[in-house]
Amino acid sequence: MDKLGPYLHIPLLLGLHLFIIKLYDVCKKPQVDKRAFTVCGSALLCCTSPLQMDEDIKDGLKEMREKPSGEDKSKLAYCVTDTPPWYLCIALSIQHYLTSFGAIFSIPLILSESLCLQHDSLSQSRLINTIFFVSGICTMLQVTFGVRLPILQGGTFSLLTPAMAMLSMPEWECPAWTYNASLVNVSSPVFIEVWQSRMRTLQGSIMVASLLQIVAGFSGMIGFLMRFIGPLTIAPTITLIGLSVYQTAGAKAGSHWGISAMTTALIILFSQYLHRVPIPVPAYNKHRKLHFSKFHLFQMMPVLLGISISWLVCYLLTIYDVLPSNPAHYGHLARTDLKGNVVSDASWFTFPYPGQWGMPAVSLAGVFGIMAGIICSMAESVGDYHACAKLSGAPPPPRHAINRGIGVEGLGSLLAGAFGTGNGTTSFSENVAVLGITKVGSRVVIFTSGVFMVLMGILGKIGAVFTTIPEPVVGGMFMIMFGVISAAGVSNLQFTDMNSSRTIFIFGFSLFSALVIPDWLKKYPESLSTGIPVIDQVVTILLSTHMFVGGFLGFFLDNTIPGEQERGFVWEKEEHAEFSKTPASDKLYDLPLGITTFFSSYSWVRFIPFCPWEGENSDEASVVQHQPGEDLCDGAFDPNPPANTKL
């Protein structure tokens, strides 16, 4: 069983491949409607990695500009309230799950070192199960009661940096003996208390900090805050999320540069060079019998494929003793038998629950650090809501939906803290991009994906399998992932005037200062002393968090240096201008289960920022009109959808 550990994921992937291939063949049958065929083709040709999404979107936009005016390639196959056939829901929901997989499962692996868990694979697997379980619950809450758009929720790197800064404080540094695997007894009460005490403090800090997001959302304060947070605040903040963990990525990749370089090269090869190359796969159906179908394997899952091949190579090098068995020798961490027992020791089913690590504690310094990450997460999520609405054929989200979405994200972070993921939740931008590629904006698909994430969180063996990935393989994946995150932060500058010296100064100074100050403070921690320990802790954590330093400097300079036209708020004004075109009869963003219908008749509802009101925009109710029989998936949303299509 120990030697079979690295192979347990292969049947799952092969089964998924065969399922999608069979689905592709089924959709060729004459009795399947045109929309089902469109979705199947999109699902097969869609890249589920963020490495290729931007290129595919650019190609699609180029084709739209070049196509004849009578054609419409941007036409949606399924709108927000549509319900695709069950088999399409399963295929597309698994696709969204795979898109978010790499980002979600890597968070516990990074955080485990700061929690002193680097030699406790079983506890790592429980963290992985917990974060998937909570992400699934938060996704279903967001789709049902939140912003009600097809937007997936998952762990956020915005909270990872301040969490690591908090755990790097002298009082929370791991004891020296926890770094020696031979001295660690994972069942010892002393060791359990070492890591769980840190987790409980992190839990409590996240729960308290999440109250800021809950209040900002449900009170309507988010609209006021977004007036001052622009691209020059968001760009350095997100960029520094990726840049700040370069040491972690380097340490893991440096455990065997050959293996990590191979992993990186494979992911680049599959996602950038071979993503449009199909491979022939044998298939069978009643019409064509045994035949070969084209399957875009490299485009579907380049990251998982790259990890699996490198994982297999490490396994072969281990069983033939090519890799050293002596822990003191270079390359030992590339062996696959270091955590072999974790798969057999893990239970088949695990049920995460609030307080599973004990009663949460609170660190005031940690709360302020986590709040900085939450503010960044809120700003990014508002942009995701607008992008998701456009790509799913919905009208721009009204203020009550945005307020509700941010509030539910705050509740998600509160749940994540209570369950003990060591992280919060946020909207996943890469999954929003998938909507534009697949042309499927159905929120039922995202809800189903949330169900899959909950199921994966319950299966204990699944979480255990992923903890056995060798460190250099994970390091190679980090080289790609965090590089893409850094580039995604820079991409926010597209809304600003990049020819302006003001923009270049603010971004450059904020970014460079955010690298210098935390590094200096790490080398000279005793240089900052006010005589009040609590203030020292708060200031140390804030100044040790790269994204806070960069975001704060960008925020301050952007709001004080003259140059309104160069700030990049033009796109936001255009979005808000569309609110007036949203008719009051739009039911997409209404609360489910008849809640809106019950309360909307009361006049006092207008004073509740997160509740829709039937008198809202009543003067503009007739602005958006559709002719009978018009296809409402053409970038517009039906204000009166059929009853059987609502979630």
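**Chatting through a predicted model**

Author: Let's start on the surface: Val215, Met221, Phe224, Phe228, Phe552, Phe555 and Phe556 make a nonpolar patch of about 630 Å². Patch residues have over 30% relative accessible area and no salt bridge, with like charges joined within 9 Å and nonpolar side chains (Val, Leu, Ile, Met, Phe, Trp, Tyr) within 5 Å. A salt bridge is a side-chain nitrogen of Lys or Arg within 4 Å of a carboxyl oxygen of Asp or Glu. Areas come from the Shrake-Rupley method with a 1.4 Å probe, and for residues only the protein chains shown count as cover.

Reader: Anything I should know about the model and the numbering?

Author: This is a predicted model, where local features need pLDDT of at least 70, side-chain atom pairs count only at pLDDT 80 or more, and totals for chains, interfaces and linings use all residues. Residues are numbered from 1 along each chain as its sequence is written, and side-chain values use heavy atoms, with hydrogens and water left out.

Reader: Ok, which helix gives the most to the nonpolar patch?

Author: That's α23, with 3 residues. Helices are DSSP runs (H or I, at least four residues), numbered from the N terminus. Phe552 sits in α23.

Reader: Is Phe552 buried or exposed?

Author: In between: Phe552 is partly exposed, at 46% relative accessible area. Buried means under 20%, exposed over 50%, and partly exposed in between (1.4 Å probe, protein chains only).

Reader: New topic. Which residues of α10 are buried?

Author: In α10 (residues 246–253), they are Thr248, Ala249, Lys252 and Ala253. Looking down the axis of α10, these fall within an arc of 125 degrees, so they line one face of the helix. That arc is taken from the directions from the helix axis to the C-beta atoms. On the face turned away from the buried side, α10 carries the exposed residues Tyr246 and Ala251.

Reader: And what covers the buried residues of α10?

Author: The cover includes α4 (86–114), α6 (160–167), α11 (257–273) and α20 (471–490). As for α6, 8 of its 8 residues are buried, so α6 is largely enclosed by the rest of the structure.

Reader: Cool. Where is Ser510?

Author: Ser510 is in helix α21 (residues 501–523), and at 0% relative accessibility it counts as buried. Not counting residues up to four places away in sequence, Ser510 touches Pro236, Gly550, Leu553, Gly554 and Leu557. Contact means heavy atoms within 4.5 Å.

Conventions. Helices (H or I, at least four residues) and strands (E, at least two) are DSSP runs, numbered from the N terminus.
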